[in-house]
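Hi everyone, and thanks for coming. Please take a look at the sequence and the structure on the screen, and then we'll walk through some parts together.

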Amino acid sequence: MAILAPSLLSADLSNLAGALKEVSVEGVEMIHLDIMDGHFVPEITFGSSTVYWLRQKTKLELDCHLMVANPEEQIPLFAKAGADWITIHAECTYHLHRMLNYIHELGCKAGVSLNPATPLTNLAHILSDIDLVLLMSVNPGYGGQKFIPSVLPKVVKMRETIEAAGLDTKIQVDGGIDPANIREVVNAGTDIVVVGSAIFKSPDAGSTAADLAKIIQ
Ligand code: DX5
Ligand code: ZN
């Protein structure tokens, strides 16, 4: 069983409130928000003030995926804006353990994301400090990219490691997931599946999200 986290990245960004409402359907408990800074990744999306306004409109969990080069500056802003989960990239900090403590001190759940080429061993000594491991199945920066299948054995390995350590760390997978591959992603051991363009480029985002949530329940 897994849960679906629709990503608003591929929605009409001039109408985020509308997109949020569209995918607030049965089976959806978490909304994935892709924060891009124009440094770690080329595009810029939106920042903590947008998250603040989305927070006023929903009780769903807000899952902020920070693709930013300076997480230490952004973490307090997103915590204050009402994020429930703050995920940073391992590639963006020399002080990952310190950043995780910082997120926890601010009352949020802490995630670490790994690019497709970043090994799981980077997390070996801090796994018990992490609430969520986000394994990227595309290179971060854009919606609508093709799924990179080599993430699947990575998910299997991560699941084995978490279970062997007796931890409750969640595994999230993000990028290129659609109705054709979502079961495979869940079967590998994923707890939270992020889906962007397969939802928002479909004719009816709400019913696609509800169908995908049901498939993986
Ligand atoms: C990519 C983002 C993803 C993206 C997923 O950098 O982290 O969350 O929105 O979108 P799709 O499902 O279109 O790959
Ligand atoms: Zn994301």
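Let's begin with a pair of helices: α2 and α3 cross in a right-handed way. A word on that term: a crossing is right-handed if the near helix is turned clockwise from the far one by less than a right angle, and left-handed if anticlockwise. The helices and strands I name are DSSP runs, helices being H or I with at least four residues and strands being E with at least two, and they are numbered from the N terminus.

Before going further, some housekeeping. This is a predicted model, where local features need pLDDT of at least 70 and side-chain atom pairs count only at pLDDT 80 or more, while totals for chains, interfaces and linings use all residues. Residues are numbered from 1 along each chain as its sequence is written, chains are lettered from A and ligands numbered from 1 in the order in which they are written, and side-chain values use heavy atoms, with hydrogens and water left out.

Back to our pair. Two packed helices are described by the angle between their axes and the distance between the axes. For α2 and α3, which covers residues 71-81, the axes come within 8 Å and cross at roughly 15°. Axes here are lines fitted to C-alpha atoms, for helices over the stretch in contact, and angles run from 0 to 180 degrees between N-to-C directions. The two helices are therefore roughly parallel to each other. On that scale, angles under 35 degrees count as roughly parallel, over 145 as roughly antiparallel, 65 to 115 as roughly perpendicular, and the rest as oblique.

Which residues of α2 and α3 meet? From α2 we have Ser48, Val51, Tyr52 and Arg55, and from α3 there are Leu77, Phe78 and Ala81. By class, this contact of α2 with α3 has five nonpolar, one polar and one charged residues. For the classes, Ala, Val, Leu, Ile, Met, Phe, Trp, Tyr, Cys and Pro count as nonpolar, Asp, Glu, Lys and Arg as charged, and the others, Gly among them, as polar.

Let's zoom in on two residues there. Serine 48 sits in α2, which spans residues 48-55. Is serine 48 buried or exposed? Serine 48 is buried, because its relative accessible area is 18%, and buried means under 20%, exposed over 50%, and partly exposed in between, using a 1.4 Å probe and protein chains only. Leaving aside neighbours within four places in sequence, serine 48 is in contact with Leu77, Phe78 and Ala81; contact means heavy atoms within 4.5 Å.

Across from there, in α3, is phenylalanine 78. Phenylalanine 78 is buried, with a relative accessible area of 0%. Not counting neighbours within four places in sequence, the contacts of phenylalanine 78 include Ser48 and Val51, as well as Ile35, Cys64 and Ile86.

Now for the next pair. α3 also packs with α4, residues 96-105, at an angle of about 15° and with the axes 10 Å apart. So α3 and α4 are roughly parallel to each other, and their crossing is right-handed. On the α3 side the contact is made by Pro71, Glu72, Ile75 and Pro76, and on the α4 side by Met99, Tyr102 and Ile103. Here the class count is six nonpolar, no polar and one charged residues.

Following the chain past α3, we find aspartate 84 in the loop between α3 and β4, which is 85-89. Aspartate 84 counts as partly exposed, because its relative accessibility is 26%. Residues up to four places away in sequence aside, aspartate 84 touches Arg55, Leu60, Glu61, Leu62, Cys108 and Lys109.

Let's move along to another loop. Asparagine 181 lies between β7 (170-174) and α6 (182-187), and asparagine 181 is buried at 11% relative accessible area. A polar atom of the asparagine 181 side chain lies 3.0 Å from the backbone oxygen of glycine 176.

In α6 itself we meet valine 186, buried with a relative accessible area of 15%. Beyond its neighbours within four places in sequence, valine 186 is in contact with Ala2, Val193 and Ile216.

Last stop: lysine 214, in helix α8, residues 205-215. Lysine 214 is exposed, with a relative accessible area of 61%. How far apart in space are lysine 214 and glycine 27? They are 187 residues apart in sequence, and 6.8 Å apart in space, C-alpha to C-alpha.

Conventions: Polar contact = N/O pair within 3.5 Å; in protein donor to acceptor, adjacent residues only side chain to side chain.
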